[in-house]
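Here is a short briefing to read with the model open beside you. Take the topics in any order you like.

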Amino acid sequence: MEVIEENDRIYLREVLLEDWSAFHPYSSNEETVKHQPWGPNTEEDSLFFVRQVIIDRKQRHRSRYVFTIVEKEMDQVVGNIEMNIRDWDGVGEIGFIIHHDYWGRGLATEAVQLMINYCFEHCELQRIVATSNPENIGSIKVLEKVGMIKEGTLRKDLLVKGKWQDSCVYSILREEWIEKSAKP
């Protein structure tokens, strides 16, 4: 399968049907998905997700891009990252999840950097947004490390595990990414 984006440690590629078994250990882990509106997944849920991703990428006007995050040294799937084009005027929204065994290694930050680059270079987006639960400190650190700016907090806008949760909204603009990328 073709590499979409890569750096020294990881690469992003399209999701394969067999990826469901690598996705399932983290998508079924309560701690990993505690801030997600979905999960923990059953095996059927994980397989359904992968099948839906494959169907979505075949759409004539593709608006959903889900990539597998692969750690190069061990050739190991460590997570997945997604971008949905929310607005055909150039706005995309990203989200990511990393296997809990790989937290704290900078892989999420690298994956988000690669995805942002893909969005601006290949999808020609003007703006990329991401939301995070205010209690999801790891996710917020990733968004800030890649240069996304907090715009504010949406109050109780997402139903997660039966409770309404706030969402912090972050964004980065094409010109900010170009400026950041040009610095040594």
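In this predicted model, the hairpin of β7 and β8 has two residues between its strands, and Lys161 there takes a positive phi near 55°. Strand β7 (residues 149-160) and strand β8 (residues 163-173) run antiparallel to each other and share eight bridges. The notes below start from this hairpin and then move to the helix, the cores and the cysteines.

**The hairpin and its neighbours**

- Lys161 sits in the loop between β7 and β8, and its positive phi occurs in a residue other than glycine.
- Lys161 counts as partly exposed, because its relative accessibility is 41%.
- Leu159 has Trp164 of β8 as its bridge partner, while Leu158 stands opposite Gln165 in β8.
- Strand β8 also pairs with β6, again in the antiparallel sense, over six bridges.
- In that second pairing, the partner of Ser132 is Cys168 in β8.
- Cys168 is buried, as its relative accessible area is 3%.

**Other backbone points to look at**

- Most residues other than glycine have a negative phi, and most peptide bonds are trans.
- Asp75 is not a glycine, yet it has a positive phi of about 50°.
- You will find Asp75 in the loop between β3 and β4, where it counts as exposed at 54% relative accessibility.
- Glu124 also takes a positive phi, about 55°, just after α3.
- The peptide bond that runs from Gly39 to Pro40 is cis, and its omega is near 0°.
- Pro40 belongs to the loop between α1 (20-27) and α2 (43-57).

**Helix α3**

- Helix α3 has 16 residues and spans 22 Å from its first C-alpha to its last, close to the 22 Å expected at 1.5 Å a residue.
- How much of α3 is covered? Most of the helix is, with twelve of its 16 residues buried.
- Among the buried residues of α3 are Leu107, Glu110, Leu114, Met115, Tyr118 and Cys119.

**The nonpolar cores**

- The largest nonpolar core has 36 residues, and those touching the most other members are Leu12, Met83, Ile94, Met115, Ile116, Ile128 and Met148.
- Several elements each supply at least two residues of this core, including β2 (10-14), β4 (76-87), β5 (91-98), β6 (127-132) and α4 (137-145).
- Which element gives the largest share of this core? Helix α3 does, with ten residues.
- Apart from this core lies another, of twelve residues, among them Tyr11, Val33, Ile54 and Val66.

**Contacts of Met83 and Ile85**

- Leaving aside residues up to four places away in sequence, Met83 touches a set of residues that includes Tyr65, Ile94, Met115, Cys119, Cys123 and Leu125.
- Ile85 lies in strand β4 and is buried, because its relative accessible area is 13%.
- With the same sequence neighbours left out, the contacts of Ile85 are Arg62, Ser63, Tyr65, Val91, Gly92 and Leu125.
- Ile85 and Leu125 are 40 residues apart in sequence, and their C-alpha atoms are 8.6 Å apart in space.

**Aromatic pairs**

- How many aromatic pairs does the structure hold? There are five.
- Phe67 and Tyr118 form an edge-to-face pair, with 5.2 Å from centre to centre and 85° between the planes.
- This pair links distant parts of the chain, since Phe67 is in strand β3 (residues 64-71) and Tyr118 is in helix α3 (residues 107-122), 51 residues apart.
- Both partners are buried: Phe67 has 0% relative accessibility, and Tyr118 has a relative accessible area of 12%.
- Elsewhere, Phe23, Tyr26 and Phe49 form one aromatic cluster.

**Cysteines**

- A search of the whole structure turns up zero disulfides.
- Why does Cys119 form no disulfide? The closest cysteine sulfur to that of Cys119 is in Cys123, 5.4 Å away, which is too far for a bond; the cut-off is 2.5 Å.
- Cys119 counts as buried, because its relative accessibility is 0%.

Key. Residues are numbered from 1 along each chain as its sequence is written. This is a predicted model: local features need pLDDT of at least 70, side-chain atom pairs count only at pLDDT 80 or more; totals for chains, interfaces and linings use all residues. Side-chain values use heavy atoms; hydrogens and water are left out. Rings of Phe, Tyr and Trp (its six-membered ring) pair if their centres lie within 6.5 Å; planes under 30 degrees apart count as stacked, over 60 as edge-to-face and the rest as tilted. Helices (H or I, at least four residues) and strands (E, at least two) are DSSP runs, numbered from the N terminus. Buried means under 20% relative accessible area, exposed over 50%, partly exposed in between (1.4 Å probe, protein chains only). The expected span of a helix is 1.5 Å times one less than its number of residues. Two strands pair if DSSP finds at least two bridges between them. A nonpolar core is a set of buried Ala, Val, Leu, Ile, Met, Phe, Trp, Tyr and Cys residues joined through side-chain atoms within 4.5 Å. Contact means heavy atoms within 4.5 Å.
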